[in-house]
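Welcome! Please take a moment to look over the sequence and the 3D view below before reading on.

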Amino acid sequence: MTDRYAVIGNPIQHSKSPLIHTAFGSATGQDIEYGKIEGAIGEFAATADAFRAAGGKGMNITAPFKLDAFAYSTDRSPAAELAGAANAIKFDGDRVCAENFDGVGLVRDVVHNLKRPLRGKRILLLGAGGAARGALLPFLAERPAELVIANRSLDKALMLASIGSEHGAVTGCTYQDLIAQKFDIVFNATSASLRGELPPVHAMVFLPGALAYELAYGKGLTPFLRLAQNAGVAHLADGVGMLAEQAAEAFAWWRGVRPDTREVINRLTVPLV
Ligand code: NDP
């Protein structure tokens, strides 16, 4: 019998998750159907209840429902607990298990696909919102020499640094504090690119050979990637690989088989020009 899954968000039209999971299902021979649901704001629980009652097995969750999905769940992974947010749920009888695969997906893309180990490197994370929070422990598990989190609102950067401090060398700061600091990998985990804006980071933060990674995807050369390119950075990436890898983690969690992501990444890649 075909098992049903769906992604829920608002808006949801743009979501690539049905394409990704349908491709994963075909490639692995798993009999699944994967749809998209535009949830009404404030009605996450009722919508998830209805999907579950109709035989749904699990859901991916995107903005603005990641906190609602966390609250709806009965069992939460450490990654979901830390993020206070779920990007995947699985229905198991009367239990609702919550996961957050954004951080592991990001690390897998950087370390495995882009072949850029974080171990021993100086890492700069711009932003301290949901995606940055999800990346915190997966980053520190890779044992970077130092992780610096810069955010407009300093309190959020300091809070993340204090959460991460028992797991590795991490500090929080403002953008002004970055003057004279340089990094091997710079991640833009702000949402500035979604509005065509540039976070106030200076162009001197890149060490020779650095990687500039934009978490937003499908937007070509964002202001952040353009800043890096103009500063001479040759290694640029956007979040398409992160998107595919977090989806593969969810698929493996639901189905017990991990799909290869290469074909999906190739299909969804928008040139960085
Ligand atoms: P949040 O809304 O949770 O956080 C936004 C962050 O961006 C905050 O730290 C905010 O700072 C900062 N910010 C917003 N505008 C600016 C600006 N103009 N200058 C400097 N900082 C700014 O967003 P998310 O964490 O959910 O998403 C962040 C990015 O990650 C988005 O681009 C999103 O598309 C991407 N993403 C990609 C995924 C993928 O699979 N590739 C998955 C999830 C997210 P402050 O706290 O000061 O307001």
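The report below walks through the cores, a few strands, one helix and the ligand site.

## Before you start

Please keep in mind that this is a predicted model.

## The largest nonpolar core

A good place to begin is the largest nonpolar core, which has 27 residues. The members that touch the most others are Leu-106, Phe-139, Leu-147, Ile-149 and Phe-187. Several elements each supply at least two residues of this core: helices H5 (102–113), H6 (130–141) and H7 (154–164), together with strands S7 (122–126), S8 (146–150), S10 (183–188) and S11 (206–214). The largest share comes from H6, with 5 residues.

Apart from this core lies another one, of 21 residues. Val-7, Ala-23, Ile-32 and Val-240 are among its members.

## Strand S10 and its partners

Let us now follow S10. Of its 6 residues, 6 are buried, so this strand is largely enclosed by the rest of the structure. S10 runs parallel to S7, and 4 bridges join the two; here Leu-125 stands opposite Phe-187 of S10. S10 also pairs with S11 in the parallel sense, over 5 bridges, and Ile-185 stands opposite Leu-211 of S11.

Phe-187 deserves a second look. Leaving aside neighbours within four places in sequence, Phe-187 is in contact with Leu-106, Val-110, Ile-123, Leu-124, Leu-125, Leu-126, Phe-139, Tyr-213 and Leu-215.

## Helix H6

Which residues of H6 are buried? They are Ala-132, Gly-134, Ala-135, Leu-136, Pro-138, Phe-139 and Leu-140. As a help in reading such a list, an α-helix has 3.6 residues a turn, so residues three or four places apart point the same way. Just after H6, you can find Arg-143, which takes a positive phi of about 60 degrees.

## Around the ligand

How many residues surround the ligand? There are 26, and the closest are Ala-131, Asn-151, Ser-153, Lys-156 and Arg-195.

Some polar atoms are worth finding in the 3D view. An N or O atom in the side chain of Ser-153 is 2.5 Å from an oxygen atom of the ligand. For Lys-156, a polar side-chain atom lies 2.7 Å from a ligand oxygen atom. Thr-190 takes part through its backbone, where a polar atom is 3.5 Å from an oxygen atom of the ligand. On its own the ligand has 930 Å² of accessible area, and the protein covers 80% of this.

Technical notes. Residues are numbered from 1 along each chain as its sequence is written. This is a predicted model: local features need pLDDT of at least 70, side-chain atom pairs count only at pLDDT 80 or more; totals for chains, interfaces and linings use all residues. Side-chain values use heavy atoms; hydrogens and water are left out. A nonpolar core is a set of buried Ala, Val, Leu, Ile, Met, Phe, Trp, Tyr and Cys residues joined through side-chain atoms within 4.5 Å. Buried means under 20% relative accessible area, exposed over 50%, partly exposed in between (1.4 Å probe, protein chains only). Contact means heavy atoms within 4.5 Å. A residue is near a molecule or strand if one of its heavy atoms lies within 4 Å of it. A polar contact is a pair of N or O atoms within 3.5 Å; within protein, one must be able to donate a hydrogen and the other to accept it, and residues adjacent in sequence count only if both atoms are side-chain atoms. Accessible areas come from the Shrake-Rupley method with a 1.4 Å probe; for residues, only the protein chains shown count as cover. Two strands pair if DSSP finds at least two bridges between them.
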